[in-house]
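I am opening a new page for this protein and will write down what I look up, entry by entry.

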Amino acid sequence: MKCLALLVILGCVFIAPGLANPVSVSRVKRSFHSHEPEGYWSKKLTWKAQWVKVWKTDKKLIWKTEWKKTQVPAWKEIQVPIWKEIQVPDWKIINKPIWKETQVPAWKEIQVPDWKEVQIPAWKEIQVPDWKEIQVPDWKEVQVPDWKEIQVPDWKVISKPVWKEIQVPAWKEIQVPDWKQIWVPDWVKMGIPGEHFLGKDHHGNEYTAHDVWKKKLIWKPVWKKIWRTEKKQIWVPQKKLEWVQEKVQIWRTEKKQIWRTEKKQIWRTEKKQIWRTEKKQIWVTKKEQIWRTEKKQIWIPKKELIWKQEKVQIWRTEKKQVWITEKKEIWKDVWKQISVPVWKEIEVPAWKQIWKDLEGCVEADFCTSLEGD
């Protein structure tokens, strides 16, 4: 800022003598033997630009806390009558079937013993030569199966818990603009028809006037912007534990069949002559007891179905009035704190350019010093 002021002043000093009349600086001719000064100093008024800090009024949007009356739902318990079915004891006569046992005659076939001569076969023992196969011990190499445990790879399905992020709905209260009609008072001019007497002057002349008007207070509708609270559905992330199936490799033990050589004792078949006892069939007479069928009268029980009246207790359904508690939704007044936008006047700093007078000394050729920087 000082350098700029210095340049402005220098420009004014060097340009002003050529344009203005040479009034402030005079030049006297010098003689060879003169000892008088060649010039003199004088003051010149110049203007210097300067920036000063000022304060200006500005509007700032702030939020003012107010209380708003809202209706919120609530549950109220009330008693309502209903009909309830109850069981009451009662008696009922029913016909019940019963079985009555009676004796009736019948014929029964019975077996009575008797004797009968019959020819029956019999066996007689005799000796006959024969060859008998006998077993003699011997050894034989055989392959016998055996089991060997080996490890084989396998896959096993396991359940592994993982956290999965899901979106769940939620409600968020937001402020939405709305317009509300309000009524403000306003004065309007209203004409009064007819001739109206205004008065008399000092000479007695009467003064009347037409088209006299009066003020009338009316209510003018104005739409005011308000903010109302609404619920907006949003989605919030939430973690949910899920089980996923995963294949892992395991080693399981299996039995593998192998063949092992062993010595096994076997029995070799050889023939040897022996005497065998055999049975020969012959026929002999023998008395045999037999059973002959005869009829005999017997009495057997018989069941007859008859009906018998019986009193049984039953339960009869009746309706009884009872009172139950139910919840009824009502609306309750709640005062809620809301923020309302308002404009507030504040003082903010600003810069203003002003011009300040500056006194300097001017020489005939150049300026040697400056004041006021």
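**Strand 1 to strand 4**

I began with K160, which is partly exposed, with a relative accessible area of 38%. This is a predicted model, so I keep in mind that side-chain atom pairs count only at pLDDT 80 or more. I then looked for the partner of K160 and found E246, the two side chains meeting in a salt bridge at 3.8 Å, N to O. K160 sits in strand 1 and E246 in strand 4, and the pair links distant parts of the chain, 86 residues apart. For E246 I noted 33% relative accessibility, so this residue also counts as partly exposed.

Next I looked up R228. The side chain of R228 forms a salt bridge with D178, and the closest N and O atoms are 3.1 Å apart. Because R228 lies in strand 4 and D178 in strand 1, this pair ties together parts that are 50 residues apart in sequence. I wrote down 29% relative accessibility for R228 and 27% for D178. R228 is therefore partly exposed, and D178 is partly exposed as well.

The third pair I checked was D138 and R268, whose side chains meet in a salt bridge at 3.8 Å, N to O. D138 belongs to strand 1 (residues 42-192) and R268 to strand 4 (residues 212-362), so the bridge ties together parts 130 residues apart in sequence. D138 has 32% relative accessibility and is entered as partly exposed. R268, at 40%, is entered as partly exposed too.

**Salt bridges overall**

How many salt bridges does the count come to? I get 20 salt bridges. I also asked which residues are joined into one network by salt bridges that share partners. They are D90, R316 and E318.

**K216**

I placed K216 in strand 4. K216 has a relative accessible area of 40% and is partly exposed. Leaving aside neighbours within four places in sequence, I find K216 in contact with D186, W187, V188 and M190. For one of these, V188, I took the C-alpha separation from K216, which is 5.3 Å, with the two positions 28 residues apart along the chain counted as their spacing.

**A nonpolar patch**

I looked for nonpolar side chains on the surface and noted a patch formed by L45, W47 and W355. Together these residues have about 400 Å² of accessible area. W47 lies in strand 1. Is W47 buried or exposed? At 51% relative accessibility, W47 counts as exposed, since the cut-off for that word is over 50%.

**The whole chain**

I finished with the totals. The protein chain has one helix and four strands, and from the N terminus on the elements run α-β-β-β-β. Of its 373 residues, 8% count as buried. I put the accessible surface of the protein chain at about 33,700 Å², and 54% of that belongs to carbon and sulfur atoms. Among contacts between residues at least 6 apart in sequence, 92% join residues at least 24 apart. The three bridges I looked up fit under this heading of distant pairs: K160 with E246, R228 with D178, and D138 with R268.

Notes:
Residues numbered from 1 in each chain as written. Predicted model: local features only at pLDDT ≥ 70, side-chain atom pairs only at ≥ 80, totals over all residues. Heavy atoms only, no water. Salt bridge = Lys/Arg side-chain N within 4 Å of Asp/Glu carboxyl O. Helix = DSSP H or I, 4+ residues; strand = E, 2+ residues; numbered from the N terminus. Buried < 20%, exposed > 50% of the residue type's maximum accessible area, 1.4 Å probe, protein only. Contact = heavy atoms within 4.5 Å. Patch = residues over 30% accessible without salt bridge, like charges linked within 9 Å, V, L, I, M, F, W, Y side chains within 5 Å. Areas by Shrake-Rupley, 256 points an atom, 1.4 Å probe, with all protein chains shown as cover.
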